[in-house]
Protein chains: 4
Amino acid sequence: MANGGTEPALSAKRSLRHATRAERIAARREAILSAALNEFSARGFEAARLDDVAKRAGVVKGTIYQHFPDKEALFEELIRWMFRPLVGTLKANIDADMPARMILERVAELFVRDVYHTSRKEVMRLLIIDGVRFPRVADSYYREVVVPVNDAVRTLLRRALDRGEITENAMVRFPQLLVAPWVVAIVWRGLFEHLEPLDVRGLLRAHLDQLFGAGAAQDGP
Amino acid sequence: MANGGTEPALSAKRSLRHATRAERIAARREAILSAALNEFSARGFEAARLDDVAKRAGVVKGTIYQHFPDKEALFEELIRWMFRPLVGTLKANIDADMPARMILERVAELFVRDVYHTSRKEVMRLLIIDGVRFPRVADSYYREVVVPVNDAVRTLLRRALDRGEITENAMVRFPQLLVAPWVVAIVWRGLFEHLEPLDVRGLLRAHLDQLFGAGAAQDGP
Amino acid sequence: MANGGTEPALSAKRSLRHATRAERIAARREAILSAALNEFSARGFEAARLDDVAKRAGVVKGTIYQHFPDKEALFEELIRWMFRPLVGTLKANIDADMPARMILERVAELFVRDVYHTSRKEVMRLLIIDGVRFPRVADSYYREVVVPVNDAVRTLLRRALDRGEITENAMVRFPQLLVAPWVVAIVWRGLFEHLEPLDVRGLLRAHLDQLFGAGAAQDGP
Amino acid sequence: MANGGTEPALSAKRSLRHATRAERIAARREAILSAALNEFSARGFEAARLDDVAKRAGVVKGTIYQHFPDKEALFEELIRWMFRPLVGTLKANIDADMPARMILERVAELFVRDVYHTSRKEVMRLLIIDGVRFPRVADSYYREVVVPVNDAVRTLLRRALDRGEITENAMVRFPQLLVAPWVVAIVWRGLFEHLEPLDVRGLLRAHLDQLFGAGAAQDGP
DNA sequence: GATGAATGAGGGTTCATTCAT
DNA sequence: TATGAATGAACCCTCATTCAT
């Protein structure tokens, strides 16, 4: 799991010598996605310039159009490329046969390590705002990330309810309550981190304490 | 409280006949802010065109620059203009001498009615993303909204803790946990409402149930 | 002669207390001209903003239009206001009954003191370029300054020729040759002074040496 | 020498058919410079509109920015493009082993033909005024034109002094005196030509007569 | 006469997209 | 497939001028 979902770009860069033509093309495609990640993160979708994306990817602006039909499609593909590898890992964790709190602690740690401390958090922020203007992006994210995650969360909590590990069914009806602190953490970081840093792990643990009581946490970092 | 902080623009538009010069100027300023609210909400800060703002406000583009030095300053003032009137009402509610749950239910209702069901939710979304690029905006929002609200929340929950109304101090340490469902609701609405509508009141009530247990809610709608 | 043609603005500013209405209006008019002098000099006619002129004059933009029909007319009047007082002094010097070289040395000194070391040199530069686009300005300068000066110069040199003080009639045919070093000095100062300072008095004296030979100058500084 | 430094634009426009890609790009660059020459000359740097430059060059406004980073850089390059080819010819003439008067007559003719009767005179006028606001332009002109010319003039006149061809060293100390009539001619043409035409060749010859006496000129046109 | 808010016509510059090489 | 010059549609902002107070 350690490298489960980090930086797709990394694998694309190794050993361009001895690469087949197809591999070189794929590598270039990933270089563009990786550059887009950085530029979109730094400036937002509208303000990001394809010229800068190209420069960072080591290609020329026209080349981007060999791989993606337009700027919006590049954005869509970026979202998919960033989050698809993560969903599997997430589901695997949630479906594990362990006490709910332990699972949720692992999931929290997964979020911290593979989203909050990577550039994925930037992409989430991009999605939050620019998704409004690009329904296709939001739709694909909904299908590929939100629905699977929410379903898994519901299943998990229903089981926990049956087992008596929790007594409230709030989160079964509103799985969004589980990810709410994640969203807040990302938003806070973007806006107020320089004014008042936020202890994300503390925040997530406090949240679990609300759910399960402050009883001893299992599975320390 | 009902109309405590809604739509500053509305009052400004009535009866421009018989208005003094100063009143007409102020009205025009508010018309611009109101138009900016709509355009920025619909397209985001970057993509919004001042030409459209002007057209919607019934003035000419140059007039905007009589009232605001540039586009960014207009954005800043928009945030302030939208949220300043709300903070007082919010604090008054939180400081009331009532059981914590009742207070939080009232506050939730305030959010639903005066933010979620008004264009303020759009401004919050604007802040979330574009605030990153305009630290002054984020800073002023932090000082004028975040800090007062978080302080009030802390006081409230500490009192609730003392009185034995709750047993967890999670939210004292992380007042962000109270507003987390608000943020999620706003984000969800922007992205996924058309795919899966969200019952915001239900969400907030479920959240309170998590905190206090599902015991009878006081102060129904 | 010392104060013969300096800064028309100065006299306008004294004693606004006890001034009649007409005097106050005239003073304001001169304040605007003086401000225009500064702004036009610093930025050129096109780039100078009437808002800045107004600010510097201590009035509001609209007020300028009470005194001058438009920007171009302000420019025209500025030229006249700056140079008219100088022409009389200049002619008086040239017409004096003295040896030509002595007269020309006095005239050179007049140029250095009342043009080159005052803001008039800026106005001359303005005239040189922007005059091209505003023929009315050039025309009035031609009539009021160029023709009288050239006529006086011709008379002077014809007399000097008759008296045997000089042997060449070049300057009688081309009085422009007398002012050529003046023009060069002004241009040089605008462009290259910071790279290579120019000794203007030396330049003018060397020029006279060419005309009369290096024989002892009369009329030291 | 006849065509030594005239109109760089002319050669660039011939035969765009059968041109290599690089040649076409260079031709377009020159077309833009040539158009800028015309527009800047006609209206001045500030007032000239890049839209008109583009139209005249037969390109679209954006294309200008492919070749020059901004309007000012276009101006700078224009100056260099116009005068660089001339300096070599000028120095070659001055350094020739001939009597000083003959050399200066040839140089005068060079000025008349390749500056005064070409659009270079317009560029000189542009430099005179707008150079003040763009020191980089003035600086590069100083290095590339003024210094070489002044140095050559000094050398020439020192030699003439040694040979007894002249007796005054005024111009050795102030080489600006040689070009003073040039500057005056250009300024006069811009402002007063329509009121009183100026015989430039006569002016320059009269100037040489002042220096050498009216003795027979050598090397008529 | 003085004010200053309002006007409105561009101006320079940017940038996603196209296309000939 | 990659290139990068060319395109052209906007966009933000400026500023001379007007006019109601």
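**Close-up views: two chain pairs and a DNA strand**

**View 1. The contact between chain D and chain C.** Chain D and chain C each put 49 residues into their contact (contact means heavy atoms within 4.5 Å). The model is predicted: local features need pLDDT of at least 70 and side-chain atom pairs count only at pLDDT 80 or more, while totals for chains, interfaces and linings use all residues. Residues are numbered from 1 along each chain as its sequence is written, chains are lettered from A and ligands numbered from 1 in the order in which they are written, and side-chain values use heavy atoms, with hydrogens and water left out. How much area is buried between chain D and chain C? The value is about 4,300 Å², and carbon and sulfur atoms give 71% of it. Buried area is the accessible area (1.4 Å probe) that two parts lose on being put together, summed over both.

**View 2. The side of chain D that touches chain C.** Six helices appear here by name. Helix 2 (21–43), helix 7 (120–130), helix 8 (135–162), helix 9 (170–173), helix 10 (176–192) and helix 11 (200–212) of chain D each supply at least two residues. Helices here are DSSP runs (H or I, at least four residues), numbered from the N terminus. Helix 10 of chain D makes the largest share of this side, 11 residues. By class, the side has 28 nonpolar, 10 polar and 11 charged residues. Ala, Val, Leu, Ile, Met, Phe, Trp, Tyr, Cys and Pro count as nonpolar, Asp, Glu, Lys and Arg as charged, and the others, Gly among them, as polar.

**View 3. Polar pairs between chain D and chain C.** Six residue pairs are in polar contact across this interface, both residues at pLDDT 80 or more. A polar contact is a pair of N or O atoms within 3.5 Å; within protein, one must be able to donate a hydrogen and the other to accept it, and residues adjacent in sequence count only if both atoms are side-chain atoms. How many salt bridges link chain D and chain C? The count is zero. A salt bridge needs a side-chain nitrogen of Lys or Arg within 4 Å of a carboxyl oxygen of Asp or Glu.

**View 4. The axis between chain D and chain C.** Two copies of a chain are related by a rotation about an axis and a shift along it. A turn of 179 degrees and a shift of 0.1 Å along the axis lay chain D on chain C, with an RMSD of 0.2 Å. That is the relation of a two-fold axis. In chain D, the C-alpha nearest the axis belongs to Ala180(D), 2.6 Å from it. Superposition is by least squares on the C-alpha atoms of residues with pLDDT of at least 70 in both copies. Of the interface residues of chain D, 100% are also interface residues in chain C, so the copies meet through the same surface.

**View 5. The pair of chain B and chain A.** Here the contact takes 50 residues from chain B and 49 residues from chain A. The two chains bury about 4,300 Å² between them, 71% of it on carbon and sulfur atoms. Zero salt bridges cross this interface. Six residue pairs are in polar contact, both at pLDDT 80 or more. Helix 2, helix 7, helix 8, helix 9, helix 10 and helix 11 of chain B each supply at least two residues to the side that touches chain A. Helix 10 of chain B gives the most, with 11 residues. A rotation of 179 degrees with 0.0 Å of shift along its axis superposes chain B on chain A (RMSD 0.2 Å). Of the residues of chain B, Ala180(B) comes closest to that axis, at 2.6 Å (C-alpha).

**View 6. The protein around DNA strand E.** DNA strand E is surrounded by 32 residues; the closest are Arg49(A), Thr63(B), Gln66(B), Arg49(D) and Tyr65(D). A residue is near the strand if one of its heavy atoms lies within 4 Å of it. Which residues reach phosphate oxygens of DNA strand E? Among them, Leu50(A) has a backbone N or O atom 2.8 Å from one. An N or O atom in the side chain of His67(B) lies 2.7 Å from a phosphate oxygen. A polar backbone atom of Leu50(D) is 3.1 Å from a phosphate oxygen. Helix 4 of chain B gives the largest share of the surface near the strand, five residues. This surface divides into 11 nonpolar, eight polar and 13 charged residues.

**View 7. A salt bridge within chain A.** Glu109(A) forms a salt bridge with Arg201(A), their closest N and O atoms 2.7 Å apart. The pair links distant parts of the chain, 92 residues apart: Glu109(A) is in helix 6 (residues 100–116) and Arg201(A) is in helix 11 (residues 200–212) of chain A.
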